[in-house]
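Here's a quick tour to read with the 3D view open. Grab the model, spin it around, and follow the points one topic at a time.

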Amino acid sequence: MKRIYIYLCSCLFLGLITTACKKTLIEAPKSTLTPAFFATNQGFQSGLVAAYAGFRTIWGPDTYFEMTVPGTDEFIAGNDGNNGLVKYNSNFNTADGTVATIWKNCYTYINTCNGLITNPPAGLDSATKTTGIAEAKFLRANYYFILVQFWGDVTLNKTFQATPTTSATRAPMADVYNFIIQDLNDAIAALPLSPQTNGVLPGRATKAAAMHLLAKVYLTRAGSSAKQPDDYKNAYTNAINLITNVAPAGGLKLQQDFGNVFAQGNENNSEILWTVQHTSTLAYNGSPTQNNSGPDNLLCHLFVPKYEVQPGMQRSTLYGRPYIRVVPTHWLTDTVFSERVNDQRYNKTFQTMWLCNNAASIPNWPNPLPAGAPAGAQPGAPKFTVGDTAIWMPGYAMTAAQIASYRYQVIPPAKYSIALSPALTKYFDTKRPDQNSPSSRPIIIYRLAETYLIAAEALFMDGRTGDAVQYVNAVRERAAYPSGNPQAMDITAGQLSLDFILDERSRELCGELVRWMDLARTGKLLERVKLHNSDGKNNIQPFHVLRPIPQTQIDATITGSPYPQNPGW
Amino acid sequence: MIKKLTKSFTFFMKVSIVVVVCVLVCCQLLLAKTAESQASATLVKISFSRESLQTAISKLEAQTNVKFSYNPEDLKDYTTIPHKFKNEPLGKILNYLFAKTHLAFTEINTGIVIYDKTASPKSSQLTNKTNERNIVGVTADITIKGKVSGSDGPLPGVSVVVEGSNQGAVTDSTGNYTIKAAPDAFLVFSSVGYRTQRVPVNNQTVIDVTMKSDSKSLNDIIVVGYGTQKKSDITGSIVSVNGQALRDIPASNLGQALQGQAAGVDIQKSAGNSHPGATQSILIRGTRSKNASNAPLVVVDGIPLNGSLNDINPDDIISLEVLKDASATAIYGSRGANGVLLVSTRRGKKGAPVISYSGYAGFSKPLGHYDVMNGPEFEDLKKWGLINGNPGKYTGLNDPAFLTDGSFAPQEVQSIQMGRSTDWQDLIYKTGFVTDHQLGVSGGNELTQYAISGGYYNETGIYFGQSFARYSAKVSIDQQLGKYVKVGLNSLNTLTYTNGENANPLGQALRASPLSTPYDNNGNLVGFTAGSANQVWNPLANFVPGAAVETRKRFGTFTTAYLEANLAPGLKYRFNGGAEVRPDVYGNFYASATTNNLGGASTANNQTTYSYNYTLENIVTYDKTIAQKHHINFTGLYSLQESQAEQNSFSYNNILSDGVQYYNPQYGSNLTGTGSYSKWDIISYMARINYGYANKYLLTLTMRSDGSSRLAPGNKYHVFPSAAAAWNVTQERFLSDSRVLSNLKLRVSYGTVGNTAIDPYQTLGGLTSVNYNFGSTNVTGAYPTTVPNPKLTWEYTSTLNAGIDFGLFSGRINGTIEAYHEYTNSLLLPLSLPPTSGIPSSILTNVGETENKGIEVSLSSINVPGNGRNSFSWTTNLNITFNRGKVTKLSNGVTQDITNNLFVGQPLGAIFDYKKIGIWQNTAADTALAKKLGLTVTGSGSVIGTIKVQDVNNNGKIDAGDRMILGSDQPKYTGGFTNRFGYKGFDFTVVAVYRVGGLITSKLFQSGSFINTFQGNYNNLNEDYWTPTNHQNYYPKPNSASTNTPYSSTLSYFDGTFLKIRSMTLGYNLPESIVKRISARSLRIYATAQNPFILFSPYRNTFHGLDPETAGALNVDTPAIQTFTFGINMTL
C-alpha cells in the first residue's frame, strides 16, 4: 500500500514538472479584437463602418449642437441650457467638457481613417479598395473640417498612430486646409455619383456630398487667414458643377415642398446629399441601452420647451421630451421670419400650438369668471377638453383683452420665455418607442438647398452678385410652395448682401447645426451676437471666434513643447 | 501545436485532480490501523541508551521541535530501555517509552502533554523537601482542589505550580488537580498555547481556572507561505490575528471583521458603500500602484482565493496572518506585492465530537439622514435661484409672480400655501435586519479528523429591495494513510443571494422637491414628482413589489486537497490542489414606472458569469537539525495557477408583462448582448531556506521565479529574491536573567516582489466595436481604442524592513515595531494620451516609480491579568500606522502629469484643483477685482456670489495655471485599538478604529451629484448659501441658469479625520452550574452595538456628512448604518 502511494506521488510530481514546462504563457483573447484584425478584408470594412459611426458622436448629441446652434443670432440658452459656452461668459473656459468631447472624438476617428487609408489590406480587391479609401478620405475631411473651423491651427495626423505618444504640435491652418482639399479631390474622383445612384446605401459618401463639402471648405477658407486668391472661385465652381451637372445626373433636386425636406421617414429624399444614419432597429441605433447618451440622436429633445407643466398638458411621445436647451431669439422668430404670407417656412419650421393631452390638469374657469371670458365659459367647468388647443403662440402681439377671450393659453412673442417659446420641429420624432427615447431618425448633414446658398455666397463674395441672385431665388421660390407666390419671393441683385444671405440661411437652415460656423466664416459672429443674442451680447469678445484648446489636451501633452492655447483663452 | 499541448496539459491537470479526489475518497474507506496525527505523527530517528526518561524526552523535544509539557516529578522515577528507532512516528516512540509507566500523553494545540494516568481523579501531587520545610514553617499548607478548563472544556496537562517553590501538579484527563500550598501563596497555571495565570490562594480550598488561549505565545505556530513556523523563528513582518479578535465584531465578511485589528492594514468601505453585501477596500502599507490592483492576495488554506471576500464565511476562519514585508511575501512572488492575507479555516481535532452553535440577530438603522432642505428652505432656494438666473425679472423673494408663472408646480404652490413639506428620506428608510446562524461539529480519532459546519447569514438593508444572504457549508477531513502518507480535503461552499446591489433610491429621494408629495389626491403613487423639472421620479415607485428587481445568485466552491508523504526523515513531499468554481447569475428588471426608466419602456438585463481557477502545487520540504544547534529547513515549490472567466450579458426592453421580469427576452424587444472571455496563467518555481542557529540567529533566503501570461513576450518571466535575518536577543546568556524583558527579537529583511494584477490582453491593444446602419442595412464596425504595448513588464516592489518584537514583564506587554521602506519600479500605469494621439482609451504602461515608507507599532498589554472567573481583567491591543507614499519618478523626466493625476513628490491620490478662497461678494472691490481677472460680473453668468478661487500663478486671470496640489487622501496615521474587560463571567469589548489627517472627497457636495447644484431645480443640501444680503463666504449663490456651480469640486474636500467606535460588545459566560444543567460545555450570550459613535470627524460634525470612512470618493449612496445585535455562542 505504502509503495503505491509513493509511486503515485512521484509520478504525479514528475508528471507535473515535465508537462507543465511545456505550458506556454501565450495570450489568446477570444472575446476581443486586436489591431491585427485591420489587416484583414473584414477588418477594413469594419473600420470603415466605425469611421462613419463616429459621426453619431458629433451630429446628434448635445455637444456639437451647443457649439453651433445657440450662442448665435438664432438661438439663446433655454431653461435647461448651457450657462457658459453659449453665453460667452467667464464660465466658458478651457476646461469646458463640450469642446473637449468634440476635439477628442474627431481625433479618434481620424486615426481610424488614417489606418484605412495608409494600411489597406493587401488582399483587398482594387475596386473595394479604391471606393473604401475614397470614403475614408471623405470622412477624414469632414473631421478635419470641424477641427479647423472651431480651433484654427490643429494637430495634423496624416498616418496611423501605432505607438503611444505624449507629445503633439499644431500645424498651420493652411496645411490643414490643403490636406482636407486634397482628401476631397481624391474622394470626388472615386466615389459613386449620388445617394440616389443605384446600389448606394443611405448614409454612404458620394461624389455629390464631397463636392458640396469641397465648395464649403473653399468658401470657409476664403473667410479665414489661410485664404487663397481663388477660394471663392473654387467654391462656386464646385457648387455650380454640383447643381447643374452632378445633381441632375444623380437624380438630385430640391424637394418641391420645403416641409417635406424634414418630414419623418423622408430623410433619403432627392435633396439630401449626406446623412448620419440612425435606425429604428434599436440595437443598431446608438447607445446600447438607448439612454440618450454617447452616439444617440438627441436633436428631437433639445428644442422642446416645457409644455408638459402647462395646464392640460403632460409629456408625450408626440410632443417630445423637453430638454429645452435652446429657445429661438426674438430676431429669429419675429424678424427673420416676419414674412409669412408667401414664405411658408416659418410654419413648417416651428411648432406654435399644443393640443391638450392630460385631462387631469385641465384648468377650470374661476368663479366669478374673469373679465372678457369667452361665451360659453361656465364657472367651475373645465376650460377645454382633451384634444382642444391648450397652448397657442400666434406669433404676433395681442392685447390682454384679446388674450383673455381665449379658453386656452395664448402666448404672444412678448411672453416668450426660456421655458416656453416656439419649438423647432425639424428633428421631431413621433415614432420613438417611448416618450424618453432618443430619436431613430437619420440626421441630414448636407442638402442641396445649402449648395445653392453656398454658390450664392461664393459668387457674391467674388463680386458676381448678378450671378448669385438666381441661386438665392431658387431656394426662395421653393419656400412659397404650396400657397405662396413664388415670384413674390424673388429678390433682385440690388437686394443681395452678405447680411441677406445670412438671413436667408437662417430661414432655410436655422437649427441645422451650421449657424455658428456661418457667422464665424463671414466674420459676423461678434456683430450678430451683440445685436440679437441676449445671453452673449455683453460677454462676447474677439477671441471667441476660436474655441479654446481643451485643457485635457494641454494637460496630457507632457513631453515635447507645451501645446499652445488659442489667443485670449 | 502549442494549442494542442496546452489542451492536453489542461486535460492532464483535470485528470490529476480527479485522481487525487478519488484517492482521497477511497482512502476514507480503507482506514488503516496504526497511524498517528499531527505532532505525534512526526517521524523520528533516535536511539536511547539507558538514560533517565526526562533526558529522553529532552532529546525528543530538541529533535522534533515538538514542545512537551509535563511535571518533572512524574518522570523522575523512570529510565529507558536501550532501543533504536528508525523513522518511527513520535507517538509510537512515546507509547514505547511509557509502556511500563503510569504515564500517558495527549496532544494539546501543537504540543504534547505528559500526565499521570493513574492520578485520576486526584491529580498527581508530590511533595519535596521545600514543601516539607513549608509545613514546618510559619503557616500550615492547605489542600487546594480545582478544575482547569479552556474554551472547549476541561484541560488536561496544565501545570500548576506554587509560586516560589518547587511544588507542583498537573491536571488530569478531566482537568482536575490537587495541590498543597500556603493560604497566602500564589498558584501559577501554565500550559502550551495558553496564557499563564497567577491566582492568589486567599484561603480558598477550591480554585477553578479558565485558561485563555494566548496568541502571543512564542511557541505558537504561525502560518507562513507554504508552511508553518514557530513564532520565535519568524524573520519577516507578519501580523497574526486570532479568531477571537475576528469574532469581536459580528461581520458579514472578513474585511469588516479585520478592520482596525492589524497595524499596516488599512480597511475602508469602498467609496463609502454600505449596502448589504458590499466588500471593503483593503490596503497593506498604503497605495503603491496606480492601475494594477492594490488589493492583497488572499490565500485560504494555502490556495489563493480569486473570488470575493463575501465568498468566505468569516465564522469558518480560525486565524489570519498578514504578510507585509518582502521577506514574508516574496514566496508569493508576482502576486505578493500588495501583501498577503493567509486565512486558516477550522479543521477537526482528535477527541470526542464537539458541537458548537453560534447565532445572532439584530437590526440596523441609518447613521443619520442626509441634511437636505425642507419645504420652506427649498422654496427660498428656488426663488433665489430664479432671481439670480433671471436678473431683473423678479422684485425679490416676495414677488407674487413666483407662484403664478410656473416657477413652482401647482402642487408645490399648494404645499407653500398649506405649509406642507415632505421628508422623502423618512419615506424610504426602514429598519434593516441581520441574522446569522452557525452550526458545527468537529472531532476525530487518531487517524481521521473532521470538521463540518454550516452557516446562514442574512442581512436586509435600510430600504426595500436590498438584502444579502449567504448559505455556507464547509467540510474538512484529514486522514492518515499508513505510516507515511496523509491526505486531506477541505471544501468551502457558499451560495449567496444579493438583492438590489445597485438599488439606490437616494438619488431621487434627495433630489425630489420637499414641496411635492409621493401620492396624488386619490392616494396613488405619482410618477414624476412635482417640480424638479420632470426629471425626478417618485423614489417610492421602486418599492412597489415587482417594479424593481435586481438579484445576483452566486454559488461557489473552493475546494482544496492535499497529499503529504514522508519520504525520508525530515523529507516531506506535499501536493496541494485547489479549485475554485463560481457561477454567478445576475438579473435586473425595472418596470416603466421606476426611477430607472422614468415612465419610459421597462428594461431588463441578464448576466451570466462563469469563473474558475485552479492552483496546483508540488512542495518538497526538508528539515534537519545538525549537531543539535543548526536547524535547517528547505522548501521547494513548483506551482501552476490558472484563472478563467466567461461572461454573457443580455439587455432588452419593453417587456410585454412586468411579471416576466428578466427571465425571458422573447417577451421583450431590442435585445442586445455582449460577451467576454479572459484567461491567465502563472507558472512558478520557488525555493526557500530557513537556517537557525540555537534559536538565536535566524536566516531566511527565498527565491521565486514567476512567469505570467499577462505580460509581453520576453518579459514574462522574472525572479524575485529576498533575504531576512533575525536575532532572538533574549536567547543570549546576558539576557536570560532579565526580569523585565521576556522577549526581544530584532529582524531585518530585504526583498522584491512583483505585481501583474492587471487584466489580461493588455499587451495586445484592442478594438472597440460599434454598431451602425446604412438605411435598413445594419452593420458592426470596429476601431482602435488602445495600441499594443509590446514592452509591458512586471511592476516590482522592493522592501527594506526592520522590526523589533519585544515582550516585557513575563509577557504582560508584547509589542512589535516595524519600519519599512518600499520602492516600486516600473509602475504599471494607465496612461491617458493627449486626444490628438487618436487613442481614446488609456494605455497600460510601465511608467514611473513610487515609494512608501512607514512605521507600524502594535502593542498588546495585559493591564489587569485577572485570576479566574471572579476577578477583574483588562487587556488592551493597540496599533498605529504611519505611512508616507509618493511618486518619485515619471518617465521622460516628466514631473507632473495632470491628466493621470501623477505628481513627482506627491502621494498617489493627490488632489489637484483650484484653491477656493471664498465667495465673490457684491462689493465694489470684489467686482473690480473680478473684472480685472476677466470674469463676468453681469447677467446670469455673473461670478458675484459664486466660488472665488485664487489666482495662484498671479498672471492676472483665472486659468488652468491656477490649479495646485491641495492635499491628498493619504492620512497622517491610522490604526485601531481593542479593550477587553472581564469580571464575574461578564466580558466587555470595545473595538475602535481611527484615522487622522488626509483629505476625503465627498462628491455629494459637487454639482454633479445633483443634490448640490444650487440651481433650485432639485432639492439641495441644506446649506447657508450666499445671497445679496447674506454675505457669507463659504457656499455660493443659487442660480437657476446654472446646472453646475462653477468650481463646485472645491466644495467637496474635507479633512478625513475620525475616531470610530466600531463595536461595543457586552457578553456573559454562563456559570458552569447552569451550563451543566443543559448538558453544554460552554454558553455565552452577548449584545453588540456596531458603529455606535463617530467622533472627531469634521466632515460629520461640521458639514453634516454621515460617515467619513471611505476608500475613494463618497457618492450619493446608501448611508452608513448602525447595527445592534444579540447573540449566543454554545458548545455541546
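In this predicted model, strands β55(B) and β56(B) run antiparallel and are joined by ten bridges. If you want one pair to look for, B:T1065 has B:T1088 of β56(B) as its bridge partner. From here we can follow the neighbouring pairings, then look at the space inside, and finish with some backbone oddities.

**Strands that pair up in chain B**

- On β55(B) there is another antiparallel pairing, this one with strand β52 (residues 986-996) of chain B, again over ten bridges. To spot it, find B:V991, whose bridge partner in β55(B) is B:S1063.
- Strand β56(B) also pairs with β57(B), in the antiparallel sense, over nine bridges. Here B:S1082 stands opposite B:T1131 in β57(B).
- Next, β57(B) is joined by eleven bridges to strand β24 (residues 351-366) of chain B, and the two run antiparallel. Within that pairing, B:S358 has B:N1129 of β57(B) as its bridge partner.
- As a viewing tip, side chains in a regular strand alternate between the two faces of the sheet.

**The space inside**

- How many cavities of 30 Å³ or more does the structure hold? There are 14 of them, and the largest has about 380 Å³ of space.
- A total of 27 residues line that largest cavity, and the closest to its centre are B:Q256, B:R1062, B:Q1090, B:N1091 and B:I1121.
- Some strands you've just met turn up again: β55 (1058-1069), β56 (1082-1095) and β57 (1121-1131) of chain B each supply at least two lining residues, and so does β26 (448-460) of chain B.
- Which element gives the largest share of the lining? That's β57(B), with four residues.
- What mix of residues makes up this lining? By class, it has 14 polar, eight nonpolar and five charged residues.

**A five-stranded sheet in chain B**

- Five strands of chain B make an open sheet with mixed pairing, in the order β17-β22-β23-β20-β21.
- Its edge strands, β17 (238-242) and β21 (303-305) of chain B, each pair on one side only. Ignoring direction, neighbouring strands in this sheet are turned by 25° against each other on average.
- At the β17(B) edge, five bridges lead to strand β22 (residues 317-323) of chain B, and the two strands run antiparallel. One spot to check is B:N242, whose bridge partner in β22(B) is B:S319.

**Backbone oddities**

- Most residues other than glycine have a negative phi, and most peptide bonds are trans.
- Now for some cis bonds: the one from A:N367 to A:P368 has omega near 0°, and A:P368 sits in the loop between β5 (353-355) and β6 (389-392) of chain A.
- Another cis peptide bond joins A:Y481 and A:P482, with A:P482 in the loop between α15 (465-478) and α16 (486-489) of chain A.
- A:N292 isn't a glycine, yet its phi is positive, about 60°. You'll find A:N292 in the loop between β2 (272-276) and α10 (299-302) of chain A.
- Is A:N292 buried or exposed? A:N292 counts as buried because its relative accessibility is 13%, and the cut-off for buried is under 20%.
- Over in chain B, B:S826 also has a positive phi, about 50°, without being a glycine.

**How confident is the prediction for chain A?**

- Chain A averages a pLDDT of 93, and 96% of the residues score at least 70.
- Among the elements of chain A, helix α7 (residues 207-222) has the highest mean pLDDT, 98, while helix α1 (residues 2-20) has the lowest, 55.
- Where pLDDT is low, the predicted coordinates should not be read in detail.

Notes:
Residues numbered from 1 in each chain as written. Chains lettered and ligands numbered in written order. Predicted model: local features only at pLDDT ≥ 70, side-chain atom pairs only at ≥ 80, totals over all residues. Heavy atoms only, no water. 1 Å grid on protein atoms, 1.4 Å probe; cavity = no way out; pocket = protein on both sides within 12 Å on 5 of 7 lines; lining within 4 Å. Points joined across faces, edges and corners; volume = space filled by probe spheres on them. Nonpolar A, V, L, I, M, F, W, Y, C, P; charged D, E, K, R; others polar. pLDDT = per-residue confidence, 0-100. Pairing = 2+ DSSP bridges. Axes fitted to C-alpha atoms, helices over the stretch in contact; angles between N-to-C directions. Buried < 20%, exposed > 50% of the residue type's maximum accessible area, 1.4 Å probe, protein only.
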